[in-house]
Amino acid sequence: MTFSGFTVADIGFLSALATNNDRDWFAGNRAAYDSGVKPALAALIDATSAACRQRGLAFVSEKGNSAFRIHRDTRFSADKRPYKTHVSATLMDASPHRLRAMVYLHVEPPPPDGGVEPLERPDEPTGHGAFVATGFYFSEREQIDEFRRGIAVDPHAWLAVEAELAARRLALDPGAPVKRIPKGFEDHAGSHIEPALKRTRWVLSRPISAVEVQAPELPDLIADFVSDARPLLEFGWGGGSPA
């Protein structure tokens with residue numbers, strides 16, 4: 001399926017789901033999801049992966065399906081609403097890098113006021129509208145510390161990355177920082193790289209407008225953004241600390 005943009009009906013379905021987040025409504029309107037939203041997301045995944053390949057970036061859908069389920073896991077949550085009000089997917093770096101980067105796609109109707117909120121909690125992105133993110137989002141302490149070691153080993157290279165991103169008008173997201181300098185990096189307390197070492201993730205994001213979500217050019221827009229993030233990606237692909 002060729003990606004031709006999410007339709008007004010697709011976005012309307014997600015907006016209506018936010019208002020009618022229950023199983024009966026979803027069952028009665030599931031055809032709009034199965035025939036519209038779901039295949040549009042699948043086409044976006046394939047087209048974005050292809051657009052990245054054209055730019056020399058190997059980001060792929062792992063195991064043939066990188067889309068997240070629309071059903072929420074409510075087992076340990078006080079919020080028992082059964083469905084997400086967005087659709088999303090992750091493409092993973094397919095090259096044999098020691099530290100793997102990701103591209104996260106998030107399609108959601110814009111906030112009611114039409115504004116775009118800062119992405120302060122990438123793990124809870126609902127309510128921000130559509131966006132794309134790329135970079136290094138780790139769940140394991142070993143990988144987090146490996147990226148930190150890369151910064152500590154060559155702080156000038158890291159500061160050059162920050163400068164190049166700034167020149168491209170890109171800024172790292174907050175990064176869920178720890179309050180104290182991490183164990184093993186105490187020698188860098190008070191240095192220019194202390195803020196970077198306190199991070200637990202190194203991610204860039206870009207909002208996607210309502211017009212862009214509906215455009216056939218969206219995969220190229222996303223791939224261009226990922227390409228602009230090369231200074232960050234290539235630093236991480238250096239493998240962190242030397243082997």
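In the predicted model, Ile222 touches Leu44, Thr48, Val103, Leu105, Val132 and Ile208, when residues up to four places away in sequence are not counted. Ile222 also belongs to the largest nonpolar core, which has 62 residues, and together with Phe59, Phe147 and Trp158 is among those that touch the most other members. The largest share of this core, amounting to 11 residues, is contributed by helix 2. Apart from this core lies another, of 6 residues, which includes Met92, Tyr104, Phe131 and Val203.

The setting of Ile222 is that of helix 7, which spans residues 218-228 and is largely enclosed by the rest of the structure, because 8 of its 11 residues are buried. The buried residues of this helix are Leu218, Pro219, Leu221, Ile222, Ala223, Phe225, Val226 and Ser227. Asp220, by contrast, is classed as partly exposed, with a relative accessibility of 33%, and Asp224, with a relative accessible area of 38%, is likewise partly exposed.

Both of these acidic residues of helix 7 take part in salt bridges, of which the structure has 13 in total. Asp220 is bridged to Arg55, with the closest N and O atoms 3.2 Å apart. This pair connects distant parts of the chain, since Asp220 lies in helix 7 while Arg55 lies in the loop between helix 2 (23-54) and strand 1 (59-60), at a separation of 165 residues. A salt bridge is also formed between the side chains of Asp224 and Arg55, with an N to O distance of 2.8 Å. Here the partners are 169 residues apart in sequence, and because Asp224 is in helix 7 and Arg55 in the loop between helix 2 and strand 1, the pair ties these parts together. Arg55 has a relative accessible area of 22% and therefore counts as partly exposed. Arg55, Asp220 and Asp224 are thus linked in a network of salt bridges.

A further salt bridge is found in helix 8, where the side chains of Glu234 and Arg230 meet at an N to O distance of 3.9 Å. The two residues are 4 apart within this helix (residues 230-237), so that about one helical turn separates them. Glu234 is partly exposed, with a relative accessible area of 45%, and Arg230 is partly exposed as well, with a value of 23%.

Aromatic side chains were examined next. A pair of aromatic rings is described by the distance of the centres and the angle of the planes. The structure holds 17 aromatic pairs. One of them joins Tyr104 and Phe131 in a tilted arrangement, with 5.6 Å from centre to centre and 50° between the planes. Tyr104 belongs to strand 3 (residues 102-107) and Phe131 to strand 4 (residues 131-137), and this pair, whose members are 27 residues apart, links distant parts of the chain. Tyr104 and Phe131 are both buried.

A tilted pair is also formed by Phe136 and Phe138, because the ring centres are 6.0 Å apart and the planes stand at 40°. Phe136 has a relative accessible area of 0% and is therefore buried, and Phe138, at 7% relative accessibility, counts as buried too. Phe136 and Phe138 are joined by Phe147, Trp158, Trp202 and Phe235 in one aromatic cluster. Of these cluster members, Phe147 and Trp158 are also named among the residues of the largest nonpolar core that touch the most other members.

Definitions and conventions
Residues numbered from 1 in each chain as written. Predicted model: local features only at pLDDT ≥ 70, side-chain atom pairs only at ≥ 80, totals over all residues. Heavy atoms only, no water. Buried < 20%, exposed > 50% of the residue type's maximum accessible area, 1.4 Å probe, protein only. Salt bridge = Lys/Arg side-chain N within 4 Å of Asp/Glu carboxyl O. Core = buried A, V, L, I, M, F, W, Y, C linked by side-chain atoms within 4.5 Å. Contact = heavy atoms within 4.5 Å. Phe/Tyr/Trp six-rings, centres within 6.5 Å; stacked < 30°, edge-to-face > 60°.
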